[in-house]
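Here are some exercises to work through with the model open beside you. Try each task before you read its solution.

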Amino acid sequence: MALLDIQSTLFAVFAAWLICCILEGIRRLYFHPLSKFPGPKLAALTLWYEFYYDIIERGPIIRINPHELHIRDPASFDHYAGGKREKYIEKLCSRFEELAGTGEVVPLDVAFLALTMDVICAFFFGEDRGHLDKPDFELLWKEKLRGALQTAALGRMFPVLTTTMLRLPHWLWKVTNAYYVSYMFSLQAGIRKQVAAVLNESRGSTPGRTIFHMLRDSDLPPEEKSISRLCEEANVLIGAGSETSAKALTHTIFYLSSNPEILRRLREEITAVMPDASAIPCWSVLEQLPYFTAVVTEGLRLSYSITTRLPRVANEPLIYNDWVIPPRTPVSETLYSVLVDPAVFPEPKVFNPERWLEHPELSGYFVVFGRGSRSCVGLNLAYAELYLAVAALIRRFDFELFETTIKDIEVKHDFFVPNADLASKGVRARIRKL
Ligand code: HEM
C-alpha cells in the first residue's frame, strides 16, 4: 500500500513537471515576446540549441535560444553595440638575433605571446614576468592558456561549472591542470599582495606607478576598489591584452612572410622613416605611414579579434529592418562574421592591404575592437605594440616560414578567441638577420 502511494506520488510529480514543461514550451513558442522572430523552433524551446549554434550558419537575424537573438549583418553593428614596450621589443629582437642564422626553427606565436605578456605585466603591474628570457619563450603558458580558454568556452554554456571550479580547493585544481594553475596561483598571489600593499598606502602617495594606484586614487565607489575587485580587473587585463595582440602580430608577420611584394613595399616605406634599423621611430611617426597603416589594419582584420558572440542588452526597443526587438532582450553579433563578410570584403580570406587604401569607407566595418560602451580599452596599447614590433622585426629580419600554412592560422574552433586546428604546431619560422 505504502509502495503504491510512493509510486503514485512520484507519478503525480512527474506528470506535473511534464505539464509545466509542455506549457512553458507552448509559451516560448507562441506567446513569448520573441515568438515572432525567425529561427529554429528547437532554439525557441530550449537553451540546449545554443550549445550547437556555433556550427550552424543562419541569418541575418535569428532566435538562438528562448531569450536571445543573434544578428549576422555588418551593417547593423552600430545599432546595438553601443618606454616599456620598446624595451621588450628590443629584448625580443636580441633573442631573435641569437637565433638568426642558426637554422633553429622558432615558434613565432609563442615568442609573440611572451612579448605581449611581458608588456602587459610590466605596463599595468610594474612586474617583469620574464617570459622573453625563457629559452622556449615559456611555451607551457601558451599551451595552458589555450586549455583554460577552451574550458572557459564550456563555462559560458554551463556557468555553474565555472563557479563550482572556482570553489574547488587549490590542491584539486593542481591535479587537473598543474602548470596553468600553479602559474595562475603564483601570479594571483603576487597581484593580491601588490593590491593589498597599494590599498594600505595613503592615497596619492605614489601616484600612477601601477594600474592599482590609478584605480585607488580614482573617484570610483569603494566597492569597486576592494582587493578582490582589483584582482579580477588584473585577470581581465592579462586575458584581454596578451593573446589578442600576440595573435594580431603573428598573423601579420605570417602574411608578410608569405607575400614578398607586400613585404618589399612595406619595408621601403618604413626604411624611409627608419634609416637606421637599430633605432625604432616613435609610434606617432609610424602610424602616419599610409601603407603601413593599411597592413596593420588588414593584419588585425585577419587575426579575427574575438570569435565568441558578444551580447548586448538595450533598455529601449531596437529597430532592425522590419523587426522591433523588445527591450532587455540580449542581442548578439559576432565580429568574425563581419570581418569576413564577402559582401563587405571581397575575397575576404585574402591578405590585401590595398583594400583599405582604395575603399576608406571600409573603416565603418572595422569592428576588430568592438563598438560602443564596452569596446576595447586597450586598443592604443595594441596599436602601439603592433606598429613598433612590426617595424623593428621587418627592418631587422626575414622570416622563412617552416611547415606553416594558412591552416595554422585559419579559425577552426571558437575558444572565446579564435583557435586553429588543434593538431597545428603553430606559426614557425627560421630567422635570417638582414
Ligand atoms: C589586437 C589586440 C586586441 C583586440 C583584437 C581586442 C579586442 C577587444 C574586443 C573586441 C573587445 C570588446 C569585447 C566586448 O564587446 O565585450 C575588447 C575589450 C577589452 N579589451 Fe581588448 N583587444 C585587444 C587588445 C587589448 C589590450 C592590449 C588590452 C589591455 C589593456 C585590452 C583590454 C581590454 C579590456 C579590459 C576590455 C573590456 C572592456 C570592457 O568590457 O569595458 N585589449 N577587446
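**Exercise 1. Which helix gives the largest share of the shell around the ligand?**

Step 1. The largest share, 4 residues, comes from α12. Helices here are DSSP runs of H or I with at least four residues, strands are runs of E with at least two, and both are numbered from the N terminus.

Step 2. α6, α12 (227-241) and α13 (243-258) each supply at least two residues of this shell.

Before going on, a note on the source: this is a predicted model, in which local features need pLDDT of at least 70, side-chain atom pairs count only at pLDDT 80 or more, and totals for chains, interfaces and linings use all residues. Residues are numbered from 1 along each chain as its sequence is written, and side-chain values use heavy atoms, with hydrogens and water left out.

**Exercise 2. Find the residues that surround the ligand, and its polar contacts.**

Step 1. Count a residue if one of its heavy atoms lies within 4 Å of the ligand. The shell then has 24 residues, and the closest are Arg312, Val368, Arg374, Cys376 and Val377.

Step 2. Look for polar contacts (pairs of N or O atoms within 3.5 Å). A polar side-chain atom of Arg312 is 2.5 Å from a ligand oxygen, and one of Arg374 is 2.9 Å from a ligand oxygen.

Step 3. The backbone takes part too: a polar backbone atom of Ala240 lies 3.5 Å from a ligand nitrogen.

**Exercise 3. Check the length of helix α5, then find where its buried residues lie.**

Step 1. The expected span is 1.5 Å times one less than the number of residues. For the 16 residues of α5 (residues 84-99) that gives 22 Å, which agrees with the 23 Å between its end C-alpha atoms.

Step 2. List the buried residues (under 20% relative accessible area, with a 1.4 Å probe and protein chains only). In α5 they are Arg85, Tyr88, Ile89, Leu92, Cys93, Arg95, Phe96 and Leu99.

Step 3. Seen down the axis of α5, these residues fall within an arc of 155°, so they line one face of the helix. The arc is taken from the directions from the helix axis to the C-beta atoms.

**Exercise 4. How many disulfides are there?**

Step 1. A disulfide is a covalent bond between the sulfur atoms of two cysteines; the cut-off is a pair of cysteine sulfur atoms within 2.5 Å.

Step 2. The count is 0 disulfides. For Cys231, the nearest cysteine sulfur, that of Cys121, is 13 Å away.

Step 3. The sulfur of Cys282 is 17 Å from the closest cysteine sulfur, in Cys93, too far for a bond.

Key:
Buried < 20%, exposed > 50% of the residue type's maximum accessible area, 1.4 Å probe, protein only. Near = heavy atom within 4 Å. Polar contact = N/O pair within 3.5 Å; in protein donor to acceptor, adjacent residues only side chain to side chain.
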